[in-house]
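This report describes one protein model, from single residues up to its cores and strands. The sequence and structure come first.

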Amino acid sequence: MTLPNRVVTHCLFPICIFLLSACSSLSPLHNADSRQSGVHNQEDTGAPTAEEMSYLEIEPEQQLAEELAALEKTGAWEPGKLDNTPQPVNEVTFDFPITINKQVQFYLDQFQGKQRRHFSRWLARSTQYQDDIETELQKAGLPLDLVYLAMIESGFNPSAYSYAHAAGLWQFIRGTGRNYGLRIDTWVDERREPKKSTQAAIKYLSFLHKEFGDWYLAVAAYNAGEGKIGRAIKKYKTRDFWQLASHRYLALETKRYVPKLIAAIIIAREPAKYGFTDIPYKKPVQYDTIELPPATDLAAVAVTAATSVEKLRKLNNELRKNQTPPGKKEYLLRIPEGSKELVAQNLNRLHPVITTAYKTHKVGKGDTITGVCRKYKINKTILLKANDLRTASLKRGQRLRIPYRTTKYVLLAKGETPESRFASAGKDGEMILHTLKRGETLSKIAKQYDVPVSVIMQWNDIKNVRKIRAGHHLALFLDNGVNSFTNSMALTNQLKKGSIVTLNDQKKWPGSNAEGNRIWYKVQNGDSLWTIAKKFQVSARQLRQWNNLANNLIHPGTKLVIKNG
């Protein structure tokens, strides 16, 4: 097989403001003797997050007990006999020591019988990763047949996650993965990244072979831990794996590891010979790469690349969230092949809008409005308004819409500005101008509007938060249709203070009474919404709509936008 002609391109994502945001039944416990076998076998208590689980391709747990019981019936473990028979020309040769005995034959029969469906699926996946893995093995001077260690570990499934908390193609637990250079934290799990995890596995296998000088012992230690194998050697005074396997010291899960690998190698190198002739082999995934700033939202990248967040997550299987990791370093992200130029063209047109999405809560026994609000951390007024409820009483089985803030990304048309696109009330959104008061910070404003600080910075092209001053105007772009009620209280409070003007056209910052086809009016003592509406020959309802007012309450000093004609 040849290394795929992969196109890897690099570009710096030119956004100066950061955007926010199989169950391995195939192998036993990876490093099962973790409590005893030394530094490489650290106990792992991690598990995938709920969000991460939605991206895992979990395979059903095989009936391990049945397999081991059947293996036990093969009887005593036979001494190893290497198959050194000269191979005819054009026949497959192996660079991993091949032994044929009744334990190996057991797995040859299993793969062609009970486990045929699983083995077929593993073969189909193998071609996605085999060329790259064999290239790395060759660079390290290791047997190319070790590529099939990933087969019995994970079935070539980079999302595999075992009951022992081992993850990825090579089924590393956290401690071992970190010891061999893999980043594993709340943002990234490089055990699930095929290239990096392969390099870590090769380092570990190289260490184990150097430690024991024998490939059977090395791969057995890959499963049980080098401490366990070292103690077995010392106890029985032999370095022959088959002799060690004849004793009860090693767990059967570890003993089976070597014959299972040998059988996988034998069949995978000549699948047609063993009846595997109808395999739908998968092609290696082709992709481009781009360098992104820390904390870049994948939703933004998806819009520029005309793809989906789900596809980006599959290409970047190591990411645990829909965002590149925060920090100081750029992140090399894989994007669909051929989309690099499209991303470059769309970057400057990308614009975030804060909108409201909804989740559903089914009212259960004992649920109250107060309890639901506390659970989802929302205001009671907002919850009532979102569900058009007049009272706080709930009925069991009732479904409530729970609003929450999210960021969507849109591409502006050529020559279009954010103001012209989003300042049209009732159309695509509402641009709100917030006048910065003395002592106010971006963090405070972000919390007030439930908008990430970084998005406010991007909206206003702010490079340094220390350079903003009282009196500066900040533009906030909010989706008008679905979240106006979530802003009503904050807007009303700010309108009372005279610090917000909503603009519905692309026009100057506030400073004059008339601007285009809109004017703004400063509420005077004695004014009411009704008298102002009558004065400008509009309705009170229109005034409330144009200014996102929750009710008719206004105060002197409040600035109201009024359509002029």
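## Buried polar side chains

Glu67 sits in helix 2, which covers residues 64–72. The model is a predicted one, and in it Glu67 has a relative accessible area of 5%. Glu67 therefore counts as buried, since 5% is under the 20% limit. The side chain of Glu67 makes a polar contact of 2.5 Å with the side chain of Tyr107.

Asn157 is a second buried polar residue to look at, with a relative accessible area of 1%. Asn157 belongs to the loop that connects helix 5 (149–154) and helix 6 (174–179). The partner of the Asn157 side chain is a backbone atom: the nitrogen of Ser159, at 3.0 Å.

## Helix 4 and its surroundings

Helix 4 spans residues 116–140 and contains Trp122. Is Trp122 buried or exposed? Its relative accessibility is 0%, so Trp122 counts as buried. Trp122 and Phe156 are 34 residues apart along the chain, and their C-alpha atoms are separated by 6.1 Å.

At Tyr129 helix 4 bends by about 50°. After helix 4 comes Gly141, with a positive phi near 75°.

Another residue, Ile279, lies in the loop between helix 12 and strand 1. Ile279 has 12% relative accessibility and so counts as buried. The C-alpha atoms of Ile279 and Arg121 are 7.9 Å apart in space, while the two residues are 158 apart in sequence. With neighbours within four places in sequence left aside, Ile279 is in contact with Ser120, Leu123 and Ala124.

## Nonpolar cores

Which residues have the most contacts inside the largest nonpolar core? They are Phe96, Phe119, Met151, Phe156, Trp170, Tyr222 and Ile262, in a core of 70 residues. Helix 12 (residues 257–269) gives the most to this core, namely ten residues. Another core, of 18 residues, lies apart from it and includes Leu436, Ile445, Ile456 and Trp459.

Phe156 thus appears in two places in this account: among the residues with the most contacts in the largest core, and at 6.1 Å from Trp122, C-alpha to C-alpha.

## Helix 9 and positive phi values

Helix 9 runs over residues 226–236, and its buried residues are listed as Glu226, Gly227, Lys228, Ile229, Ala232 and Ile233. The buried residues of this helix pack against three others: helix 7 (194–212), helix 8 (215–224) and helix 10 (241–245).

Lys237 comes just after helix 9 and takes a positive phi of about 50°. The loop that holds Lys237 lies between helix 9 and helix 10. Most residues other than glycine have a negative phi. Lys237 is not a glycine, yet its phi is positive. Lys377 likewise has a positive phi without being a glycine. The loop of Lys377 is the one between helix 16 (369–376) and helix 17 (380–386).

Why do both lysines count as exposed? Lys237 has a relative accessible area of 74% and Lys377 has 77% relative accessibility, so both pass the limit of over 50%.

The relative accessible areas of the residues discussed above are listed here.

| Residue | Relative accessible area | Class |
|---|---|---|
| Trp122 | 0% | buried |
| Asn157 | 1% | buried |
| Glu67 | 5% | buried |
| Ile279 | 12% | buried |
| Lys237 | 74% | exposed |
| Lys377 | 77% | exposed |

## Strands 1 and 2

Strand 1 takes in residues 287–292 and is mostly covered, with five of its six residues buried. How does strand 1 run relative to strand 2, and how many bridges join them? The two run antiparallel and are joined by six bridges, strand 2 being residues 331–336. One of the residues paired here is Ile290, whose bridge partner in strand 2 is Leu333.

## The protein as a whole

The protein has 23 helices and ten strands. Of its 565 residues, 52% are buried. Its accessible surface amounts to about 26900 Å², and carbon and sulfur atoms account for 50% of that surface.

Conventions
Residues numbered from 1 in each chain as written. Predicted model: local features only at pLDDT ≥ 70, side-chain atom pairs only at ≥ 80, totals over all residues. Heavy atoms only, no water. Helix = DSSP H or I, 4+ residues; strand = E, 2+ residues; numbered from the N terminus. Buried < 20%, exposed > 50% of the residue type's maximum accessible area, 1.4 Å probe, protein only. Areas by Shrake-Rupley, 256 points an atom, 1.4 Å probe, with all protein chains shown as cover. Bend = angle between axes of the 7 residues up to and from the residue. Pairing = 2+ DSSP bridges. Core = buried A, V, L, I, M, F, W, Y, C linked by side-chain atoms within 4.5 Å. Contact = heavy atoms within 4.5 Å. Polar contact = N/O pair within 3.5 Å; in protein donor to acceptor, adjacent residues only side chain to side chain.
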